[in-house]
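This briefing takes up the interface, the enclosed cavities and the charged pairs of the structure shown below. The points are grouped by topic and are best read alongside the coordinates.

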2 protein chains.
Amino acid sequence: MTDSRPTTTTNHDPIRLGIIGTGLAVEKLHWPALKRLRDRFEVVAFANRSRPNAEKFAALSGTPIDRYVADYQELLGRDDVEAVLISLPIPLNFPVSRDALQAGKHVLCEKPPGKDAAEGRAFVELAAAHPDRVVLIAENAFYRDDLRLARSLIDGGAIGRVHLVAWRNVSQLIPRPGAFSSTPWRHHPGYDGGPHLDAGVHDVARIRLLCGDADRVSGATQDANTTHGGPSDLALTLRFVSGAAGSYTASYPEIPAPDEPNDLRLYGTEGVLSVAWDTTRLFRPDGTTETHRAEMPDYGFTNEFRNFADAVRDGAPVVGTVVQSWRNMQLVLTGLAAAERGETMPIDPWPDALSADAVPLWRPPGASGLFDGLETAVTREVEGAS
Amino acid sequence: MTDSRPTTTTNHDPIRLGIIGTGLAVEKLHWPALKRLRDRFEVVAFANRSRPNAEKFAALSGTPIDRYVADYQELLGRDDVEAVLISLPIPLNFPVSRDALQAGKHVLCEKPPGKDAAEGRAFVELAAAHPDRVVLIAENAFYRDDLRLARSLIDGGAIGRVHLVAWRNVSQLIPRPGAFSSTPWRHHPGYDGGPHLDAGVHDVARIRLLCGDADRVSGATQDANTTHGGPSDLALTLRFVSGAAGSYTASYPEIPAPDEPNDLRLYGTEGVLSVAWDTTRLFRPDGTTETHRAEMPDYGFTNEFRNFADAVRDGAPVVGTVVQSWRNMQLVLTGLAAAERGETMPIDPWPDALSADAVPLWRPPGASGLFDGLETAVTREVEGAS
């Protein structure tokens, strides 16, 4: 693949953004980030099949309603739209991104890149066929300050060689008013894997950011949830390119789960790292525990939009590439296939190579530190050996 | 297999027991149980290659030193020995049990039944070839009061259908004076699988007692411990005959592990059961938690000897058969082989059939309750929905 995007430019005008789909993810995740980056983005158009939903977005964001169009094709036809944010039901990610790229727009599209493996591969090829356009898949885990901090600890050798990666993530999944679980398209999904493709790709992104690619997977599935499509339980055994062994279990039962640790644990030869929802703890062999917190404004979404803007305006490299998000969905889908077939399956390296150092660590452009210029409040507490 | 053991007898004299190997397991596990059962067993002979170790056992147990013999073959040649307890390094389990059965003794032998898969199968055949002798493999997990209680909850439908079985068991393993980890034969083991065959079979026994047989396994291994032979880490994905999915990870790192939950969790359609070292908690969907404790005298060893005595004297069925312990070691060894080959492997049903209800629940003979006539103190606390 070649990259013919400009590497220097003097244009630092806000990017003229069109939003396609103004549902829950935009309301909860994308708009709060865009609001912080008014100098980088201006919403010049937004599309939604439902006018009431569009009016809701106009009201909450203060975007004039005359920027609304019902049909996203109309939005794509406008010359004043430079880039689009696509936040739609999963089966629309690929076709709408294709239309947007064909219309010459830069694309920031929600994960996963496609409803199944065939679409995921087609999405990789689609992006490669548009080297002069920026395509970023909204895998916020790559941009989360807490996870970047955890990654920097590993890169710094804090736990030595990681030999075991273990994560069990169990949480009840039933439709709740106002939450993503209430979305009708999630209940009878037109995509493979149910919650494992929808939410599980974030887990895999976290694992890959911290531990690199797996090259082998086996699995087992079961179902204990009538409210969502797809198996509720996915248990995977992983082998990593690094040589580490891995165990990943995700369960979305219909009944409540008791208190679950739900932290990802990385066992190293010189320490153990526990990566929980908002806290990273480093356990050293001498009995000391370091608790690291990165108080984030928004779980990585602002950083993600920064990376997108820097890529569009300055040719900065994208961390959340289509290939990266393909790798995330690929591991979920290969694990599901391995479970169904009763086989241990290799991870296909296409389109490049699997790597122990798979995901680049995003930093603010020109920064040497992880948090230079960001609002992130980082704290570190050390408790001595007991 | 036929069973020509007597089903009725009037002989309730104590069983004249010979002990072969009087090391740490006898001191810590078997003797405390035998001491409680003086009406069922009398130690008439004991063998140890090391006279100082034998003297230590004589002193702690009050057994006259004139019952000591250096050579276990001499012990097996004595007509006054009815049965033997074999507690030796793992590679001796099979050959010494074979000698004992050929000498006409009933056998209670420490787990695992053999140093590798070939010996395990040979042990199954050996026991089948001696239908008039009782052979019990000392898998105490089958007899633990807390685990029997947990099993009875599952049998009673407390958590509905079990759909997911998940267990991660991590604990530092380094030689500690006076502990099993100090035993030299464990550091350079003459058997497959290192700590996974030695300790892991107990984990599998617990899983099988509660969830039945697995019929498919895949795995990954890594090593991060220079003090013991075999891989330190084993991550397995299981599929059970019942249909449940399973994840089992055992890690014995050289450096200290942080606080780990280390509880086995069974996720059912009507509740979740957490089975920890000394506490079983039942989480119901309505938010109530039932905490069950069975304060055991000794983690099942006394029950195990009771079962052995009842089998020898009254023809009672043995729960801890060679086949049952073969199944435990078989799952560990097949998981290790699956990891090495990079394959998902079926569990060979030989010599009978795999079952969702694999391990019979031991009860005191003639008892309808689980704890009739035992010293076990059972408590149950209920906390309401919060």
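In the classes used here, Ala, Val, Leu, Ile, Met, Phe, Trp, Tyr, Cys and Pro count as nonpolar, Asp, Glu, Lys and Arg as charged, and the others, Gly among them, as polar. By that scheme the lining of the second largest cavity has four nonpolar, four polar and two charged residues. The model is predicted, and the values that follow are computed from it.

**Cavities**

- The structure holds seven cavities of 30 Å³ or more, and the largest cavity encloses about 100 Å³ of space.
- Residues of both chains line the largest cavity, namely A:R168, A:E260, A:P261, A:N262 and A:D263 together with B:R168, B:E260, B:P261, B:N262 and B:D263; by class, this lining has two nonpolar, two polar and six charged residues.
- The second largest cavity has a volume of about 80 Å³, and its lining consists of A:A166, A:W167, A:R168, A:S247 and A:T249 with B:A166, B:W167, B:R168, B:S247 and B:T249.
- Two or more residues of that second lining come from each of β7 (162–170) and β10 (245–251) of chain A, and from each of β7 (162–170) and β10 (245–251) of chain B.

**Interface between the chains**

- Contacts join 48 residues of chain A to 48 residues of chain B, and the two chains bury about 3,400 Å² between them, 57% of it on carbon and sulfur atoms.
- B:S251, in strand β10 of chain B, is buried, with a relative accessible area of 0%; beyond its neighbours within four places in sequence, B:S251 is in contact with A:H163 and A:L164, as well as with B:N169, B:V170, B:S171, B:S232 and B:D233.
- Two salt bridges are counted between chain A and chain B, and the side chains of A:E260 and B:R265 meet in a salt bridge at 2.9 Å, N to O.
- A network of salt bridges links A:R168, A:E260, B:D263 and B:R265.

**Salt bridges within a chain**

- Over all chains, the count comes to 50 salt bridges.
- A:D198 and A:R186 meet through their side chains at 2.5 Å, N to O; because A:D198 lies in helix α8 (residues 195–198) and A:R186 in helix α7 (residues 184–187) of chain A, the pair ties together parts that are 12 residues apart in sequence.
- A:D198 is buried at a relative accessible area of 10%, and A:R186 is buried at 13%.
- In chain B, the side chains of B:R78 and B:D80 form a salt bridge at 3.1 Å, N to O, where B:R78 is partly exposed at 24% relative accessible area and B:D80 is partly exposed at 31%.

Definitions and conventions:
Residues are numbered from 1 along each chain as its sequence is written. Chains are lettered from A and ligands numbered from 1 in the order in which they are written. This is a predicted model: local features need pLDDT of at least 70, side-chain atom pairs count only at pLDDT 80 or more; totals for chains, interfaces and linings use all residues. Side-chain values use heavy atoms; hydrogens and water are left out. On a 1 Å grid over the protein atoms alone, a cavity is a set of points where a 1.4 Å probe fits but cannot get out, and a pocket is an open set with protein on both sides within 12 Å along at least five of seven lines; lining residues have an atom within 4 Å of a point. Grid points are joined across faces, edges and corners, and a volume is the space filled by probe spheres set on the points. Helices (H or I, at least four residues) and strands (E, at least two) are DSSP runs, numbered from the N terminus. Buried means under 20% relative accessible area, exposed over 50%, partly exposed in between (1.4 Å probe, protein chains only). Contact means heavy atoms within 4.5 Å. Buried area is the accessible area (1.4 Å probe) that two parts lose on being put together, summed over both. A salt bridge is a side-chain nitrogen of Lys or Arg within 4 Å of a carboxyl oxygen of Asp or Glu.
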